[in-house]
Amino acid sequence: MPNAVAEAQADDRVRMGAAWTPILPFLVVFGLAAAVPQVTNDYWVLIATRAAIYWLLVAALNLIVGFAGQLAIGYVALLTLGAYTASVLAAGNVLPPLPAFAALACAGVAGALFGVVVGLPALRLRTFYFAISTLGFATIVTQVALAWQSVTGGGIGLPGPELPSPFNTPSGFFYLCLALAGACTWMTANIAHGRFGRALIAVRDADVAAEAIGISKARLLVTVFLFSGAVAAIAGGLFATLQTYITPDAFTFDLSILFFISILIGGRGSIIGPMLGTIILTLLPEFAAPLAAWSTFLYAVLLLLIVLVAPGGIAALIDFRSRKPLAADRAVVPRPALLDHVLSHHGPTGDVRTGNRLQRPISLRQVVLSFGGVRALDGLDLNIAPGAVHGLIGPNGSGKTTALNVISGYYRPEHGRVTLGDELLGAASPVTRAAHGIARTFQTPRIVGEASVLQNVMMGGTIQGRATFVESLLSLPRHRADERTLRIAAQFALRTVGLERLGNVRADRLQHSELRFMEIARALMLRPAFLLLDQPAAGLSADEIARLGDLIREIGRHGTGVLLVEHHADMIFDICDQVTVLNLGRVLAQGTPAEIRVHKEVVSAYLGG
Amino acid sequence: MPLTRRRFALSTAATAAAAGLGRPALAQTEPIRIGWLAAMTGPSSAPAIGFNRGVLWAADTINAAGGVKGRKIDVLTRDTQGDPTKAVNATQEMISQLKVQAIWGPTNSGEALAVTPIMARARMPNIHPCVVDSLIDPQKFPNAFRMAPSNVQWDDAVRGYCLGILKVKKIAVIGDTTGYGVTAVRQTVAGLIKDGAEVVYQNNIDATQPDMTPDMLRARNAGAEAFVVWSTSTGMDARMFNTRAAMNWDVPFVGHPSMSSGEVANLVEKPANWQKVYTIGFRTCSFDRNGKLPPRSQELVDRFQGKVTLSDTLLWWVAGGVDAINLVAKAVENAGAAPDQIIQYWNRLDKYPGYFGDYTFTPSQHNGYPTQDVVMSEASSARDGAFALAPGYG
Amino acid sequence: MLTSILAAGLAVGAVYALIGVTYNTMYSASRVMSFTAGQLGMLGGVLGSLFVLRLGLPLIVGFVLMLACCAVIGIVTEIVAVRPVLKSLDQHLYVLSTLALALMIQQVTAIEWSTEPQPFPRLFGIGTGTFDEKFWLPVAACAATIVGLEMLYRHTLVGRAFLAIAEDNFAARALGLPERRLRIASFALAGIVGGLAGFSGGELLLAFFANGPLLNFYGFVPVALGGLGNNRGAVIGGFALGVFQQAANFLVGGIFSSVAVFILFIIVLLAAPQGLLGTTPARRV
């Protein structure tokens, strides 16, 4: 379909042309900032430098709090660590004195490692527990700084690193901090708008689906902790230079709260929001000197208001695009004919994706799984052949969804095996399924409401990206190629399911049926060898069910094996090549739709009539 | 401080009015701006509140008498809340935006450590009362002057009292876990050992620790004859006094002025628990056996009647605040308002008769308080902010 | 030495345990963990000192008034910081709203009351040395609370209703239980428990605004160790923590004892994220 390809590429060009609009606010802010030393005095330069250093840390913390959704309230620990490391190395208390920039770099390394230590509990602990653990870390670092007198000077502290000329004047230092803040803004924006940013918000808002997509939460978070820790520690070193002398009492809990609240006031998932938030919160005390004692109280009030009234923060308030009304009676009309491009071996950009084309079936052999005292699966045998649509039906509690969850790796069976051809599919490791070409949808759509439809679908192709985190950070060619490929593929997938006109709309504005099709588009991004659908027709109108059926049948015809768990018996009998009926965790009957429709036991246990 | 902004507005208005009466607006009629870095809220705000009373009274008194050579004094206060970050911001504001002639404060060592290099870079004349020794260095910071005793002087006084007047040889040294407490303990221990005394027990204790018995028992078992205490926490102090009473022990406590703070009175279980506690005091703010303050101090207290409350603060703070403003005023009066002139004037001060002390500065010595005027006070004897001399002084 | 560690450890541990119970009570009613639990403990001490010492009210009157105020704070927590965010629990907004409210309480106390620890009145004047009332009052309060809660949950209709909405919210509502009113009552109860913790521990911890964050952390450790919603676990965890903390204080000194406690806390949690006595979490998929 050359027309469709051309249209998708044209869409892409329009998008690139509009790329300047999001950059504009940043240019304005940095432009104004750069003018500060020219038009004001050293006092305002100091305040601006402070804002730049705080923003450096907040930009990095933003990836953790705003994007990954990990509530690291005590992140001032990294600032403290960086400040002390840089100062100690520059002063020569442990090793011979290092030049200031080397000390800053070493602080960055220390920060990266400590950032992982502080962040690791996030992988095991619930949100509130993790928040408290970060507060504990903040206290610990300060206590160590206080106690380790021989190195840190204890309560007396030590001087911060002195930078060489021309950075040792107020304006010189300011421009350095501004440049670093600008670079960090650019880098975090690259991450945020790219594959890693989408993966982060997938982990934040739809972590179960993220696993199915193949996103490894641990690896992703550790990478982010490394980066953010390093940047925060460097900010700490610069902070020490700004203060000229650091003592443990400079690293207050109030400062940690300030960083944290800046991000929430600014809005999760945004860069410009937290930046404005940081600037406002840094400048506010300077204009409200009589209110100095009440400043933390006011921050708290602000936080409460944001949470209750505008949880999306400043970013949501200035997001005018998401307020544009949508057409009222929209219909989802898939185009199964486009599946050629979506599922084909050679994609529109000539990329060759070696999915599982070996025609291997998925098999379950004697799988047993209990929840508490209830046997959900009682010796289940199932064989899903590629290139066919396999229906799985049965009464409630018969184990349909459980079987699907076992195949997609969320549960570990007590007995039995799940294999792909000869290869054993690992138990309790849903993250591995995507690499095998197994994609799925969920009983209730698990999507990221705050992201656009296009971004949601692009998440589906996360593991196909080849650029590393560093390449994304610096927007190197391979990262940009990844993004282009993913975007075009996603647009194709959206066209296929009929949602192309809603690409830039926030996903939480979609109707239920549209979300179901969007999930399918997301699953198609993997060019899956197997597509597992968990009650995709639930909540759809009769028309939509018919169109869904057509789409699924075409997907099967293109070589993808489809496992369809459903209650809509008509749809099952209409499109399935094979049907398995479950009852009480084991197979009741297995065969073609015609055979199953008249099977005596099936009729009595389930179909009725 | 709303008060100060109003003052600023009033005095500016007054100056402007005077200028508008036909006199040309020369620089000589501009007010003398003194920056005041005050930790008025936040932890350890009691000293700043005390200093502030003296500062405001001194400025009012000078202005009521016509000012300094016709120039009014303007005190521009910034509440730093004990936070070094806010102190740095405020200091730079005073230097570049408010363009003050001199800065008094900060009152908190943590803040002072951060702002001293900044003031030195701007050659801003600075007087402060903070104790940390490294704050004063005529080579590195030729602009900074200390008008109160340094840590070394405090330590000398306490050590002198223990070894010379109490005549004890085995001493337990306790501090809290703040930076100040940790450093002070270290310094005291070193000084005691150098003077041939025996430190039988030393520890830094978390100020919120609810029970002091283990530490005090250990000290007693080690043979302690006196306790030197460097803690800013009145809660911790009171717990130690109560534990001493519960142990039926009458070992003396010597050390930090927090032990004589009014709050301790409410925290001890019996007034008797507060006896035999001797804290850093100053001869100028202590009354002798006849209950009399030195004449100059008495004159100041008389002038305070009805205008400045002393009962809930310490006299030395208020007097110190008065002296600070007067030092700046005298410098401007006798030498001029330019930074170099002020610094040069201070460098030549010889036994300048302040209310808190007689200050002597030289180009190579910027610690101006005379060591012999640091004495020990009887902790529970506070009367209108002054204390009785501890037993043993002539 | 040992007796003094035990006395202080059990006493302060009892306060921590009661704050843990406060956390649990709030959690049971709403599936929300609130940063205001520690602040309630702080207010127990501060308000107790305010009413009995500064305003000179009789002990009983001051005590009841303090409990009433803490109950009100609990209810305010529910209305302002919990109910509005219950719909979006998965976004963890409750962490932020309760944090904001806790900060507001803390700052107002710091500014209006004092930034220094203020004295707490001697309540009865019983006991000296290791048997001083400041050591056994918190333990007695803890025991009374646990017994009281057990009786409430097992023998009264209201208590059983509390258990019902904690166990299965929807089923309870389907049965016609007034869920919202029960939740408000639960938070009021949590406020009372927190206030009691602070009041009984007042002679030990004094009336100090910084007790808020202190109790937030040390009151949470028993919950983490004992399992969320498990009051017995919280009590055991609290006592264990108190004794460990005092022992560490004695052995390694003030600065490192908090480091020791924290490291232990992290290690235990990473090994058993649901707590040592906790239950496994619900199914995710």
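**Note on the predicted three-chain model**

1. Chain C has 285 residues, and a compact globule of that length would have a radius of gyration near 19 Å; the 18 Å found for chain C agrees with this. The model is a predicted one, and its C-alpha trace for chain C spans about 55 × 45 × 40 Å along the principal axes. Of the 285 residues in this chain, 56% count as buried.

2. The secondary structure of chain C consists of twelve helices and zero strands. Among the contacts of chain C with a separation of 6 or more, 77% are between residues 24 or more positions apart in the sequence. As to confidence, the mean pLDDT of chain C is 87, with 95% of its residues at 70 or more, while the model as a whole scores ipTM 0.87 and pTM 0.89.

3. The contact between chains C and B takes 23 residues from chain C and 23 residues from chain B. On the side of chain C that touches chain B, at least two residues each come from α1 (2-30), α9 (202-205), α11 (231-252) and α12 (254-271) of chain C, and the largest share, four residues, is supplied by α1(C). By class, that side of chain C holds 13 nonpolar, eight polar and two charged residues.

4. Chain B itself is assigned two domains, each made of two segments: domain 1 covers 2-150 + 298-370, and domain 2 covers 152-288 + 375-388. Taken over C-alpha atoms, the centres of these two domains of chain B are 31 Å apart, and their contact involves 21 residues of domain 1 and 13 residues of domain 2. On the domain 1 side of this contact, α4 (109-121) and α11 (315-334) of chain B each supply at least two residues, and α11(B) gives the most, with four residues. The residues on that side of domain 1 of chain B comprise twelve nonpolar, seven polar and two charged.

5. Within chain B, Thr80(B) deserves a look, since it lies in the loop between β2 (73-79) and α3 (84-97) of chain B. Is Thr80(B) buried or exposed? Thr80(B) counts as buried because it has 29 C-beta neighbours inside 10 Å, where 20 or more are required. Beyond its neighbours within four places in sequence, the contacts of Thr80(B) include Leu37(B), Ala38(B), Ala39(B), Pro106(B) and Glu111(B). By contrast, Trp154(B) is 74 residues from Thr80(B) in sequence and 25 Å from it in space, C-alpha to C-alpha.

6. Pro106(B), one of the contacts of Thr80(B), is preceded by a cis peptide bond from Gly105(B), with omega near 0 degrees, and is placed in the loop between β3 (102-104) and α4 of chain B. In chain A, a cis peptide bond joins Ser165(A) and Pro166(A), with omega of about 5 degrees; Pro166(A) is in the loop between β1 (158-159) and α9 (170-192) of chain A.

7. Chain A is assigned three domains, namely domain 1 (22-261), domain 2 (361-437 + 528-609) and domain 3 (447-526). The C-alpha centres of domains 1 and 2 of chain A lie 49 Å apart, and five residues of domain 1 are in contact with six residues of domain 2. The domain 1 side of this contact in chain A has two nonpolar residues, two polar residues and one charged residue.

8. In chain A, strand β3 (residues 362-371) pairs in the antiparallel sense with strand β4 (residues 374-384) over eight bridges, and Leu369(A) stands opposite Leu377(A) in β4(A). Two residues lie between the strands of this hairpin, where Gly372(A) takes a positive phi near 65 degrees. Strand β3(A) also runs antiparallel to strand β6 (residues 415-420) of chain A, with five bridges joining them, and here Arg365(A) stands opposite Arg417(A).

9. Two residues of chain A other than glycine may be worth inspecting for their backbone angles. Gln366(A), in strand β3 of chain A, has a positive phi near 50 degrees, and it counts as partly exposed because 14 C-beta neighbours lie inside 10 Å. Ser475(A), in the loop between α20 (469-473) and α21 (477-497) of chain A, has a positive phi of about 55 degrees, and with 18 other C-beta atoms within 10 Å it is likewise partly exposed.

Note on methods:
Residues are numbered from 1 along each chain as its sequence is written. Chains are lettered from A and ligands numbered from 1 in the order in which they are written. This is a predicted model: local features need pLDDT of at least 70, side-chain atom pairs count only at pLDDT 80 or more; totals for chains, interfaces and linings use all residues. The radius of gyration is taken over C-alpha atoms; the globule rule is 2.2 Å times the number of residues to the power 0.38. A residue is buried if 20 or more other C-beta atoms lie within 10 Å of its own, exposed if 12 or fewer, and partly exposed in between; C-beta atoms are placed from the backbone. Two residues are in contact if their C-beta atoms, placed from the backbone, lie within 7 Å. pLDDT is the predictor's confidence in each residue, from 0 to 100. Two strands pair if DSSP finds at least two bridges between them. Domain bounds come from an automatic or database domain assignment. Ala, Val, Leu, Ile, Met, Phe, Trp, Tyr, Cys and Pro count as nonpolar, Asp, Glu, Lys and Arg as charged, and the others, Gly among them, as polar.
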